Amino acid sequence: MANEVKINAAVAEAATPGALAAAPIAVAAPAAAKPADKAATQEGTNLNAATVNVGADGTVEQLNVQDLDINTALHFLSMQTKRNIIASKEVKGSVTANLYNVTFTDALNAILHPNGFDYIEKGNFIYVYTTKELEEIRKRDRKTATKVFRLRYMGAADASVLVKPIMSTSGAIALTPAAISGLPTGISDTGGMNYATDDTLVVSDFPENLVEVEKTLKELDVRPKQVLIESTILEATLQEDNALGIDFVSIGGIDFSTLTGAKVTSNVYPQVQQQTGDKSLGFGGTDFASKVPTGGLSIGFLSNNINFFLRALEEVSDTTIVANPKVLALNKHKGEVLVGDQLAYKTTTQSQTIATETVQFLDTGVKLVFRPFIGDDGYIRMEIHPESSQGAFNSDNLPQKTTVEVTSNLMIKDGRTVVIGGLFKEQTTAGRGQVPILGNVPVMGPLFRRTNDKTQRKEVVVLITPHIINDDTAMYAESERAAQDVNKMMLGNRAGLQPWGRDRIAQLWFSKAQEQLEAGNREKALMYTDWALNANPRFIEAIKLREDLSKKKLTEASESSIKDFVRGVANANPNVPDKGSSGHYAPAPAPAPTTAPAGK
């Protein structure tokens, strides 16, 4: 049968917890009511009564309190449920609740939470506090933990900025120093004792915060993406020159057909003067053919005292330059490649007392500079600067540079090719020289003039193709194919050498050795291998083949005590040299017998 407690509010307020604990709990007799309060004290209408009914299984079957002091309500709940409930002195107020068939925990929460109170359990005791008191207690009792996070791909400084908002005010974080970036040259900075492992965070905080930090770093510290940028710069120049000149010469008293030893050219007058001395002559003519560049067609006509000379030239030059640089770079990192020359020139700085000369360099050739920003949607935003240039020194020994370059910030989809810049330029020059008035005479005018026409067309196209590297295996396979192509190119270059050269002879015997090995004739393969090594003793592939065929390694006395010591230590223990009882390294074992190379 369930226990039941009914009390009158007046009695409850007058009773102390100690008095109630000492006396048996029973239904209190209602106090004598005044005539005005008779209706309020009747059964079922007395709102000041408190009822606590707890079942045998600990379930609170009924709890009815109306404006009851919260400490008294907790006391009755404690007595009926046999639970140790202790309230702090700051827990004050009244409570009104009507609960049916609830657990002890639910009943306790219903009484405390609406009034701004809460509790903690320690062993068999339940301590009730105000919310403020409980926060201070939890803060005082909480203990921080420390955890080390090793980063694979992101820097410790960047990671610390991102995890600090997750940490509490009591948390602390320490990080390894940033690695030195860039590639400085020289011997002054070799790293010393700088931290040489992964970037690391040491975080101290409450355990639940450490869990959040770990989850955040797991999402952030991922392998960065890479992009391969392929740029194509096409520069085509077409230049066409057309020149036509006619010389018409007439010298009175001279028959050109009777001249001997004279070289017939457009300007024949100096030759005539050389043969006739100071004889007075009447002379007239033009000098246009000499202005035509050499080459082309030259036609001369001599008749009595008239010399007619015509020169015509058409010259066409077509130049095409194709540059195709490729660079692989990480996301958001700068990539740069320069294939060309550096033209050195001096600059002088003059002060009041001294002049200082410095050497500077002008980069020319094919250059590609870019910085990619890879998106998750397959697009790449890119800052890019491709350049193709040529350099030379002018007559004053100053460097000058002819360049085609584009600087752009653009968006490209992975694997697509776009034209990021282009230029088409045509320059036409029509040159003409003539004798005044006579050069404009119809029909006869060409005898008194020359023409020199030039047309130059220049076209430049710059294309960009980005490739996001999603599959490292495919990239490595492609790189291996490229290396094989380079090797084939080297073999092709060697094939063009003179057949009696040492390398060509060694390659020939080595090829025959491989053919015999594939045919199963190991003796002949060994013979041809020896012949290859006889031609080129440093032929690595032939040395390895000979060791495989003869089952003997090519060894030789090192004649070096240091090398023998290192080899002995390594043979004794490949990881840590052994130390004897004296604390010194054990002596190295005696080296194995050596044999001289074949053929010596």
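**Exercise 1. Take helices α11 and α12 in this predicted model and work out which hand their crossing has.**

*Solution.* The crossing of α11 and α12 is left-handed. To place the pair, start with the helices themselves: α11 covers residues 522–535 and α12 covers residues 540–550. Their axes come within 9 Å and cross at roughly 145 degrees. Next, look at who makes the contact. From α11 come Arg-522, Ala-525, Leu-526, Thr-529, Asp-530, Ala-532 and Leu-533. From α12 come Ala-542, Ile-543, Leu-545, Arg-546, Asp-548 and Leu-549. Finally, sort these residues by class: eight are nonpolar, one is polar and four are charged.

**Exercise 2. Now turn to α10 and α12, and describe the angle, the axis distance and the residues of their packing.**

*Solution.* Begin with the geometry: α10 and α12 pack at an angle of about 35 degrees, and their axes are 11 Å apart. This crossing is left-handed. Then list the partners. Helix α10 supplies Phe-510, Ala-513 and Leu-517, while α12 supplies Glu-541, Ala-542, Leu-545 and Leu-549. Sorted by class, the contact holds six nonpolar residues, no polar ones and one charged residue.

**Exercise 3. Is Gln-507 buried or exposed, and which residues does it touch beyond its sequence neighbours?**

*Solution.* First find the residue: Gln-507 sits in helix α10, which spans residues 502–518. Its relative accessible area is 19%. Gln-507 counts as buried because this value falls under the 20% cut-off. Now set aside the neighbours within four places in sequence; Gln-507 is then in contact with Arg-494 and Phe-539.

**Exercise 4. Find the order of the strands in the open sheet that contains β4, β6 and β7, and say which strands form its edges.**

*Solution.* The order is β4-β7-β6, three strands with mixed pairing. The edges are β4 (84–87) and β6 (117–122), each of which pairs on one side only. Neighbouring strands here are turned by 25 degrees against each other on average, with direction ignored. For the pairing itself, follow β6 and β7 (residues 125–130): they run antiparallel and share six bridges. Within this pair, Ile-120 stands opposite Tyr-127 of β7.

**Exercise 5. Which strands of this sheet does helix α3 touch, and how does helix α4 lie across the strands?**

*Solution.* Helix α3 (residues 70–81) packs on the sheet and touches β4, β6 and β7. Its direction makes about 165 degrees with that of β4. Then consider α4 (residues 104–112): this helix lies across β4, β6 and β7 and runs at about 145 degrees to β6.

**Exercise 6. Thr-81 lies in α3; determine its burial and its contacts away from its sequence neighbours.**

*Solution.* The relative accessible area of Thr-81 is 16%. That is under 20%, so Thr-81 is buried. Leaving out residues up to four places away in sequence, Thr-81 touches Val-54 and Phe-104. Take the second partner a step further: Thr-81 and Phe-104 are 23 residues apart along the chain, and their C-alpha atoms are separated by 7.8 Å.

**Exercise 7. Step back to the whole chain: how many helices and strands does it have, and what share of its residues is buried?**

*Solution.* The chain has 13 helices and 22 strands. Of its 600 residues, 27% are buried. The accessible surface comes to about 39,200 Å², with 53% of it belonging to carbon and sulfur atoms. As a last step, take the contacts with a separation of 6 or more: residues 24 or more positions apart account for 65% of them.

Conventions: Residues numbered from 1 in each chain as written. Predicted model: local features only at pLDDT ≥ 70, side-chain atom pairs only at ≥ 80, totals over all residues. Heavy atoms only, no water. Helix = DSSP H or I, 4+ residues; strand = E, 2+ residues; numbered from the N terminus. Buried < 20%, exposed > 50% of the residue type's maximum accessible area, 1.4 Å probe, protein only. Contact = heavy atoms within 4.5 Å. Pairing = 2+ DSSP bridges. Axes fitted to C-alpha atoms, helices over the stretch in contact; angles between N-to-C directions. Areas by Shrake-Rupley, 256 points an atom, 1.4 Å probe, with all protein chains shown as cover. Left-handed = near helix turned anticlockwise from the far one by under 90°. Nonpolar A, V, L, I, M, F, W, Y, C, P; charged D, E, K, R; others polar.
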